[in-house]
Amino acid sequence: MNPLCGRCNRVVYPTEKVNCLDKYWHKGCFSCEVCKMTLNMKNYKGFDKKPYCNAHYPKTNFTSVADTPENLRLQQQTKMQSHVRYREDFEKNKGKNFSSVADTPEIQRVKKSQDNISNIKYHEDFEKAKLGKDAPQPQSGHSPAAFQPSAASQNNYDAPSESVGQAAAGPAAGSGKKYRAVYDYAAADEDEVSFVDGDVIMDVHQIDEGWMYGRVERTGQQGMLPANYVEAI
């Protein structure tokens, strides 16, 4: 059964039917309530389920309220409640991140890259801290004078200056023991030698309680090294 028109209450047939504002209208009946200008679906404005043109669309009017003492008190109370609510929400959500970012493939790539960099940095710092904690400190106070010939030797043997220089350079190669490095060590003086964990130290001679003299097999460098950084093999 065909519906009735919202303005003339006559039957609306499908060829002339306009369905708008929860009613059915004839195309000629769908007009402004004030000026009767014919409207369409593009230029009408609905108010209270009635069509209006743009010029006669009802305007919203605001009511002025006097600032009586009671209204001022209610206004102040509302501001105080709003401030309390704001502080409560602020304390509850403090430290949370409210910025919403779309989870795009580029964001995921950057996030994964940052996670990898952070993980690498963490393990690097962890290994440095572990190495610094585990590695013993070399004993200080060594002196190249340990290789100098004693006064008694100079009195007993009148050796030339070349022999003294060779003695100061260190013991002869091939006459010492073999050790393996258990920690990394970076030379602090010119007469010391650097090595890494696992290096084999050849021709090692004990100088004093805390220092030795030897040659790193991997690099071929000779010099002093801390005794508590190596172990005999």
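**Surface patch, nonpolar cores and aromatic pairs**

On the surface, L4, V11 and Y13 make up a nonpolar patch whose combined accessible area is about 280 Å². The model described here is predicted. V11, one of the patch residues, belongs to the segment that precedes β1 (17-20). The relative accessibility of V11 is 35%, and V11 is therefore classed as partly exposed, given that this class lies between the limits of 20% for buried and 50% for exposed residues.

The chain contains four helices and nine strands. Their order along the sequence is β-β-β-β-α-α-α-α-β-β-β-β-β. The chain has 233 residues, of which 19% count as buried. Its accessible surface amounts to about 17,500 Å², and carbon and sulfur atoms account for 52% of this area. Where contacts in the chain link residues at least 6 apart in sequence, 37% of them join residues at least 24 apart.

The interior was examined next. The largest nonpolar core consists of 16 residues, and Y179, F195, I201, M212, L225 and V230 are those with the most contacts inside it. At least two residues of this core are supplied by each of β5 (177-181), β6 (200-206), β7 (211-216) and β8 (222-226). β7 provides the largest share, with four residues. Another core lies apart from this one; it has nine residues, including C20, C32, L39 and Y52.

The surroundings of I201 show how this residue is placed. When residues up to four places away in sequence are left out, I201 touches K177, K178, Y179, F195, G214, R215, V216, L225 and V230. Among these contacts, Y179, F195, L225 and V230 are also listed with I201 as residues with the most contacts inside the largest core.

Aromatic side chains were considered separately. The count of aromatic pairs comes to six. In the pair formed by W25 and F30, the ring centres are 5.6 Å apart and the planes meet at 65°, so the arrangement is edge-to-face, the limit for this class being over 60 degrees. W25 has a relative accessible area of 1% and is thus buried; F30, likewise with a relative accessible area of 1%, is buried. A single aromatic cluster is formed by Y183, Y185, F195 and Y229. F195 thus appears both in this cluster and in the largest nonpolar core.

Key: Residues are numbered from 1 along each chain as its sequence is written. This is a predicted model: local features need pLDDT of at least 70, side-chain atom pairs count only at pLDDT 80 or more; totals for chains, interfaces and linings use all residues. Side-chain values use heavy atoms; hydrogens and water are left out. Patches are made of residues with over 30% relative accessible area and no salt bridge: like charges are joined within 9 Å, nonpolar side chains (Val, Leu, Ile, Met, Phe, Trp, Tyr) within 5 Å. Accessible areas come from the Shrake-Rupley method with a 1.4 Å probe; for residues, only the protein chains shown count as cover. A salt bridge is a side-chain nitrogen of Lys or Arg within 4 Å of a carboxyl oxygen of Asp or Glu. Buried means under 20% relative accessible area, exposed over 50%, partly exposed in between (1.4 Å probe, protein chains only). A nonpolar core is a set of buried Ala, Val, Leu, Ile, Met, Phe, Trp, Tyr and Cys residues joined through side-chain atoms within 4.5 Å. Contact means heavy atoms within 4.5 Å. Rings of Phe, Tyr and Trp (its six-membered ring) pair if their centres lie within 6.5 Å; planes under 30 degrees apart count as stacked, over 60 as edge-to-face and the rest as tilted.
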